[in-house]
Structures are given as C-alpha cells and as structure tokens.
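This report describes parts of a predicted model. The sequence and structure come first, followed by the text.

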Amino acid sequence: MEITTKCNLNCRTCTIDKTKSLDVNLNTAKEIMKECKSLGIKAVRFTGGEPLLNKYIENILSYARKKGFYVLLNTNATAISTATLKLLEKTVDNILISLQGFNQESDRALTKSNIDFKRKIANMVRLKSKIPIVRVGTVISKTLIKNMEKYYRLIRRIGIDNWELYRPIVNNNDSEFIISKKELLKVMGFLFEIKKRGMKVKIANPVPFCITNNIDVSLATLLGATADDGHSRIVWDAKGYFKPSYFINMNLGRNIKKSWESPFLKEIRSLKYLPIKCRECKYLKWCMGGSRAITKIATNSYFKKDPLFK
C-alpha cells in the first residue's frame, strides 16, 4: 500500500506523483486490510512516498498488527524519532531501507535532498537493533557500479547483511540510470563474490536469467520477477485504486479480488507472449521472462521481449 505521496527526498528514480499531497486515511487502510483478511492474505507492506510521513501511520500500523498481518515497511530512515522507533518495534516485522548513496555527496546527488547522511546511518543502526529483519535497497546507478565495494563496506559496518539491488526502471534520459548489459553483468559478478563473504544479496526485480551463460551466477544473484508486474502482489496507489505494480500505473479498481482477476493481469501471468524457447525454460517460474515495465518503456508494449532477453 502506497499510503502517502509525501516524501522528504526527491530520488531521481521515484515514480510517485508529488503534485498532490495525499495521505491514505485509516478508514481506507482498514477497508483494504479487511478484504486482505477475508482473502487469506497474510502480509501487507506499507510504502509511499515516505510512509512515516502519513499522519495516520501509528493507527494504520497498529491496526495491521491487531489483524495479525506480517507487516513490512519501506522507509528512507530519515524520520526516525524515539517515539517512531518504539512504534515500529511494536508493529513491524520487516523493514526495507532505501540507501542510494554511500556518503553525503553521492546520496545528495542521487536523492536530490540535503538530509544529514550520518544521521540516516545512525537511524539505520537503531532500526537494526529493534526490528527482526532489516534490509537495504539500492537502485543500480553509475555511482554504485563505480563504488560497489564502498557500498558493501558501509552496509556491513551498519551491521546489515541483507542487501537488495534494483535494475533501474526509468522512463527518462537520466544517464546515471541507463545501465548497459555489460554493466549489469559486472554488478552480478560482484554480488556473486560478496555472497561468498556471507552477504545475502540479490537483484530483486526482474532480469532475464539468460543474461549470462553461467546459470549458477543468475540463480545466485537474480531474484526474478515473481514479486513484480502483478505476478504475486498488487499495489494500492495513494490516489485511490489498485495497480499491477509500482511501475505499471494502471487503474485496476478498488477491489482486490476483481483487480487480481483483471484481464490485463491474467494476460501478464499467462506468459503466452514470450518466445517458445523462453516458455520451455525450466527457470521460467522465477524469471518470468524479465520486466514487463521495462519492456513497455523500450517497445511501447507489455507483451514483447525484455530488451535484455537473448
């Protein structure tokens, strides 16, 4: 659930429409969670914008805990007070922290904000001490590719061993996030090596497994597409409707079941649009043929081959 459009950062890869300041209210959040419960859905994730800026956040998180959900929260970890930390400790099982830079300068350039980077890192350490699972999420950028070891050392120093990276999904000409196949393979090679050092790390959004000739590297470093594009979850947009994913902004309606069973999502999940060789691959159930959102940007269709597909 994207529960607010408000954010104190202005990340260059963000998809949130900030032209209107919107907060999902408690009644709407309850309505969605009641339907989740009736359908047997066991986990809910709250994101934004920055979800901790939603004025109803305490009541929303407390209600989710009361209903017995496994609660995930995405945050940039810049708005963590002592009271907020106590709330999260009581209500959240799993936190994903956005970390785009490895120092003040790089973070400022990638998030277009003037936050105190040292304070952000201190907040991440505080969260790590209170929340059962804390993960770090970073969009792959030219800056990251040039400084992968520095990012790794910083995250390790914080005490976090769970790092997610994301293939950029941007529909603009920002050269910082135009990543070539060669660069992506370089990142995968680095991740393959740091896994040997005990780091839990993956590219957590869709990349075709056949990008490399070494399937062991793909299996070790690519999560696949099961969590994206409407394959196993849908997203509530703060504007008041369900959509297939963060990056496919299609209004599917206000009802979970009807949205889930929409013709568009059925076609996405059918995978019939993929080449025969792809559909016959034993890794398809994880790979799903790559990213539908990136395919749309590259080809103006959701139902063609991912640009990285061999």
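Not counting residues up to four places away in sequence, Asn-123 touches Ala-77, Thr-78 and Ile-80. Asn-123 is part of helix α5, and its relative accessible area of 2% makes it buried.

Ile-80 also appears among the contacts of Leu-88. With neighbours within four places in sequence left aside, the other residues in contact with Leu-88 are Leu-52, Leu-61, Leu-73, Ile-95, Leu-127 and Ile-131. The largest nonpolar core has 95 residues, and Leu-88 is one of the four that touch the most other members, along with Phe-46, Trp-163 and Ile-203.

**Strands and crossovers**

Strand β3, residues 94–98, is mostly covered, with four of its five residues buried. Strand β2 (residues 70–75) runs parallel to β3 and is joined to it by four bridges; in this pairing Thr-75 stands opposite Ile-97. Between β2 and β3 the chain passes through helix α3 (residues 82–91), in a β-α-β crossover that is right-handed. β3 also pairs with β4, in the parallel sense and over five bridges, and here Asn-94 of β3 is opposite Ile-133 of β4.

A parallel pairing is also found between β5 and β6. The table sets out the three pairings.

| Strand pair | Sense | Bridges | Residues standing opposite |
|---|---|---|---|
| β2 and β3 | parallel | four bridges | Thr-75 and Ile-97 |
| β3 and β4 | parallel | five bridges | Asn-94 and Ile-133 |
| β5 and β6 | parallel | four bridges | Asn-162 and Lys-200 |

From β5 the chain reaches β6 by way of α8, and this β-α-β crossover is right-handed. In a regular strand, side chains alternate between the two faces of the sheet. Strand β6 (residues 200–203) shows such alternation: Val-201 and Ile-203 point to one face and are buried, whereas Lys-200 and Lys-202 point to the other face and are not buried.

**Helix α7**

Helix α7 spans residues 148–158, and its buried residues are Met-148, Tyr-151, Tyr-152, Leu-154, Ile-155 and Ile-158. These residues lie on the same side of α7 because they cover an arc of only 165° around the axis. An α-helix has 3.6 residues a turn, so residues three or four places apart point the same way. On the other side of α7, Arg-153 and Arg-157 are exposed.

What lies over the buried residues of α7? The cover includes the helices α4 (104–111), α5 (117–130), α6 (142–146) and α8 (181–195), together with the strands β4 (133–139) and β5 (162–166). After α7 comes Gly-159, with a positive phi near 100°.

**Cysteines**

How many disulfides are there when sulfur atoms must lie within 2.5 Å of each other? The count comes to zero disulfides. For Cys-11, the closest cysteine sulfur is that of Cys-7, and the separation of 6.3 Å is too far for a bond. Cys-11 counts as buried, at 18% relative accessibility, because the cut-off for buried is under 20%. For Cys-281, the closest cysteine sulfur belongs to Cys-278, at 6.7 Å, which is likewise too far for a bond. Cys-281 has a relative accessible area of 35% and is partly exposed.

Notes:
Residues numbered from 1 in each chain as written. Predicted model: local features only at pLDDT ≥ 70, side-chain atom pairs only at ≥ 80, totals over all residues. Heavy atoms only, no water. Buried < 20%, exposed > 50% of the residue type's maximum accessible area, 1.4 Å probe, protein only. Helix = DSSP H or I, 4+ residues; strand = E, 2+ residues; numbered from the N terminus. Arc of directions from axis to C-beta. Contact = heavy atoms within 4.5 Å. Pairing = 2+ DSSP bridges. Right-handed = clockwise from strand over helix to strand, strands pointing away. Core = buried A, V, L, I, M, F, W, Y, C linked by side-chain atoms within 4.5 Å. Disulfide = S-S within 2.5 Å.
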